[in-house]
Amino acid sequence: MRNPPTAFAGAALTVLLLSACSAADPPAPAATASPAPAYDLPTRHVRPGERAVHAAPVTDGDTRFQVIGLQTGLDGFVGSHGEWQAKGQYVVVRIVAENPGRTNSRFDAKRQRLLTADGTAHAINAFAQAIKRQPDTLPLGAEVRIEMDLWFDIPKDARVTGIRLFGDPPLGVGGTTKGAEVPLR
């Protein structure tokens, strides 16, 4: 026998390792994932006449949207320098627009469409947007998040069913996006 101590040591080590792992041993505790840290933001109440919308976020192109508020049936409004009446009814949709990416994107309020039960897709009312000091277009920097209103003037008897929100195409992709729809019932 050439290496009897080495053969004996290997066999002894194998027996020792196998006996240490028996079915009687309790299983190792499962690793629990810690929740991701979150910002402490104060709760905000809806504005007078507005109702909170609890819709899931949607993404179109490089923009993530969340609808958070809705006002319908407004006859008119007062801006910082005047009062203006609706031709039909004003509808105000409060949104959060966010660029979760690493490059700039562009938000264009004129592309957003309010949907009504008759199948019509209504554009924003540029005059109301201007009086209420809401932007037409603005750059969304990387990881920037904004909150704003979209003002629409729709027929008095129209029933709102949703909104189609349009983001900016990803960097290097030409054309336009198809939009993401959020129900508003």
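Accessible areas here come from the Shrake-Rupley method with a 1.4 Å probe. On that basis the accessible surface of the protein comes to about 12100 Å², and carbon and sulfur atoms hold 57% of that area. The model is a predicted one. The protein has 185 residues, of which 35% count as buried. Its secondary structure consists of 2 helices and 11 strands.

**Overall layout**

- Read from the N terminus, the elements of the protein follow the order α-β-β-β-β-β-β-β-α-β-β-β-β.
- Among contacts in the protein with a separation of 6 or more, 66% are between residues 24 or more positions apart.

**Nonpolar cores**

- The largest nonpolar core has 28 residues, and the members that touch the most others are Val-93, Phe-107 and Leu-150.
- Two or more residues of this core come from each of β3 (63-78), β4 (83-98), β8 (137-140), β9 (145-154), β10 (160-165) and β11 (180-183).
- Strand β9 contributes the most to this core, with 5 residues.
- Another core, of 7 residues, lies apart from the largest one; its members include Ala-86, Val-92, Ala-128 and Trp-151.
- In soluble globular proteins, nonpolar side chains tend to be buried together.
- Leaving out residues up to four places away in sequence, Leu-150 touches Val-91, Val-92, Val-93, Ile-95, Phe-107, Ala-109, Gln-112, Ile-124, Gln-129, Ile-163 and Leu-165.

**Largest pocket**

- The largest pocket encloses about 510 Å³ of space.
- Its lining is made up of 18 residues, and those closest to the centre of the pocket are Arg-44, Ile-68, Val-96, Arg-145 and Glu-147.
- By residue class, the lining of the largest pocket splits into 8 nonpolar, 4 polar and 6 charged residues.
- Strands β3, β4 and β9 each supply at least two residues of this lining.
- The largest share of the lining is that of β3, with 4 residues.
- Strands β3, β4 and β9 are also among the elements that give two or more residues to the largest nonpolar core.

**Val-78 and Ile-131**

- Val-78 lies in strand β3, while Ile-131 is placed in helix α2 (residues 126-131).
- The C-alpha atoms of Val-78 and Ile-131 are 8.4 Å apart in space, although the two residues are 53 residues apart in sequence.
- Val-78 has a relative accessible area of 54% and is therefore exposed, the cut-off being over 50%.
- Ile-131 has a relative accessible area of 9% and is therefore buried, the cut-off being under 20%.
- With neighbours within four places in sequence set aside, Val-78 is in contact with Glu-83 and Lys-132.
- On the same basis, leaving aside neighbours within four places, Ile-131 is in contact with Phe-77, Gly-79, Ser-80 and Trp-84.
- A further C-alpha separation, of 7.7 Å, is that between Ile-131 and His-81, which are 50 residues apart along the chain.

**Loop residues with positive phi**

- Most residues other than glycine have a negative phi.
- Arg-133 has a phi near 60°, a positive value in a residue other than glycine.
- Arg-133 is found in the loop between α2 and β8, and with a relative accessible area of 58% it is exposed.
- Glu-143 also has a positive phi, near 60°, and is a residue other than glycine.
- Glu-143 sits in the loop between β8 and β9, and at 64% relative accessibility it counts as exposed.

**A buried loop residue**

- Ala-158 is located in the loop between β9 and β10.
- The relative accessible area of Ala-158 is 18%, so this residue is buried.
- Not counting residues up to four places away in sequence, Ala-158 touches Gln-89 and Thr-116.
- Ala-158 and Leu-115 are 43 residues apart in sequence, with their C-alpha atoms 9.6 Å apart in space.

How values were computed: Residues are numbered from 1 along each chain as its sequence is written. This is a predicted model: local features need pLDDT of at least 70, side-chain atom pairs count only at pLDDT 80 or more; totals for chains, interfaces and linings use all residues. Side-chain values use heavy atoms; hydrogens and water are left out. Buried means under 20% relative accessible area, exposed over 50%, partly exposed in between (1.4 Å probe, protein chains only). Contact means heavy atoms within 4.5 Å. A nonpolar core is a set of buried Ala, Val, Leu, Ile, Met, Phe, Trp, Tyr and Cys residues joined through side-chain atoms within 4.5 Å. On a 1 Å grid over the protein atoms alone, a cavity is a set of points where a 1.4 Å probe fits but cannot get out, and a pocket is an open set with protein on both sides within 12 Å along at least five of seven lines; lining residues have an atom within 4 Å of a point. Grid points are joined across faces, edges and corners, and a volume is the space filled by probe spheres set on the points. Ala, Val, Leu, Ile, Met, Phe, Trp, Tyr, Cys and Pro count as nonpolar, Asp, Glu, Lys and Arg as charged, and the others, Gly among them, as polar.
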